[in-house]
Amino acid sequence: MGRNIIPFLLNFPWTCVGVLTAILSGARAVRFMASAPALVVRVKSFWWYSLMSRSVRAMTYGHVILLRQEGGEMFLEHELVHIEQFKRFPFTFPLLYFGDSILHGYKNNRFEVEAYRL
């Protein structure tokens with residue numbers, strides 16, 4: 001149990017960012033998935049992210065998965081892979097993800113490649 005709590009605690013700041021992002025995105029419904037563990041939040045929109053990209057349907061911060069109301073549920077399994085990646089690379093995952101995206105682009109980002117293998 002002790003080994004499982006350490007990544008959770010190290011990711012706590014990112015989980016807080018996820019909760020704040022859920023609020024800013026118009027949280028509509030929240031459920032807890034004990035198996036992950038994760039909060040799954042249906043949001044109205046990613047209006048703040050739309051300035052950069054229109055196609056965002058889901059995202060993960062720490063142990064919070066945000067799903068857009070329309071069509072977001074189909075990306076839940078993909079986002080659960082990102083939860084596992086947060087566990088494998090506690091606290092540093094967003095930095096690794098961002099760096100890999102810069103070097104290889106979104107489609108060839110190793111974390112996205114893994115998550116799309118489903």
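Does arginine 42 count as buried, partly exposed or exposed, and at what relative accessibility? In this predicted model, arginine 42 has a relative accessibility of 23% and therefore counts as partly exposed, since buried would mean under 20%. This residue is a good place to start a tour of the strands and the charged pairs.

Arginine 42 stands opposite leucine 67 in β4. The strand β2 spans residues 38-43, and 5 bridges join β2 to β4, the two running parallel. On another side of the story, strand β1, made of residues 27-33, runs antiparallel to β2, with 6 bridges joining them. A hairpin of 4 residues leads from β1 to β2, and within this pairing phenylalanine 32 has leucine 39 as its bridge partner in β2. Strand β3 (residues 58-61) also pairs with β4, here in the antiparallel sense and over 4 bridges. Tyrosine 61 stands opposite valine 64 in β4. The hairpin of β3 and β4 has 2 residues between the strands, and glycine 62 takes a positive phi near 60 degrees there.

The strand β4 deserves a closer look. In β4, 5 of its 5 residues are buried. Val64, Leu66 and Arg68 point one way, while Ile65 and Leu67 point the other way. Such a pattern is a familiar one: in a regular strand the side chains alternate between the two faces of the sheet.

Next comes the nonpolar interior. The largest nonpolar core has 11 residues, among them Met33, Val40, Ile65, Leu67, Phe75 and Ile83. Two or more residues of this core come from each of β2, β4 and α3, and α3 gives the most, with 3 residues. Methionine 33 is one member to look for in the structure: leaving out residues up to four places away in sequence, methionine 33 touches Ala38, Val40, Leu76 and Leu80. A second, separate core has 8 residues, including Phe46, Val56, Met59 and Val64.

Nonpolar side chains also appear at the surface. Ile5, Ile6, Leu9, Leu10 and Phe91 make a nonpolar surface patch of about 450 Å². One of these residues, isoleucine 6, has its place in helix α1, which covers residues 2-10.

The charged pairs complete the picture, with 5 salt bridges counted in the model. Glutamate 73, found in the loop between β4 and α3, takes part in a salt bridge with arginine 31, at 2.9 Å from N to O. This pair links distant parts of the chain, as arginine 31 lies in strand β1 and the two residues are 42 apart in sequence. Glutamate 73 also meets arginine 42 in a salt bridge, at 3.7 Å from N to O. Here too distant parts of the chain are linked, with arginine 42 in strand β2 and the partners 31 residues apart. Together, Arg31, Arg42 and Glu73 are linked in a network of salt bridges. Like arginine 42, which is partly exposed, the other members have intermediate values: arginine 31 is partly exposed at 35%, and glutamate 73 is partly exposed at 31%. Apart from neighbours within four places in sequence, glutamate 73 is in contact with Arg31, Arg42 and Leu67.

Another salt bridge lies within a helix. Lysine 87 pairs with glutamate 84, the closest N and O atoms being 3.0 Å apart. Both residues lie in helix α3, 3 residues apart, which is about one turn of the helix. Lysine 87 is partly exposed, with a relative accessible area of 25%, and glutamate 84 is partly exposed, with a value of 37%.

Notes. Residues numbered from 1 in each chain as written. Predicted model: local features only at pLDDT ≥ 70, side-chain atom pairs only at ≥ 80, totals over all residues. Heavy atoms only, no water. Core = buried A, V, L, I, M, F, W, Y, C linked by side-chain atoms within 4.5 Å. Buried < 20%, exposed > 50% of the residue type's maximum accessible area, 1.4 Å probe, protein only. Contact = heavy atoms within 4.5 Å. Patch = residues over 30% accessible without salt bridge, like charges linked within 9 Å, V, L, I, M, F, W, Y side chains within 5 Å. Areas by Shrake-Rupley, 256 points an atom, 1.4 Å probe, with all protein chains shown as cover. Salt bridge = Lys/Arg side-chain N within 4 Å of Asp/Glu carboxyl O. Pairing = 2+ DSSP bridges.
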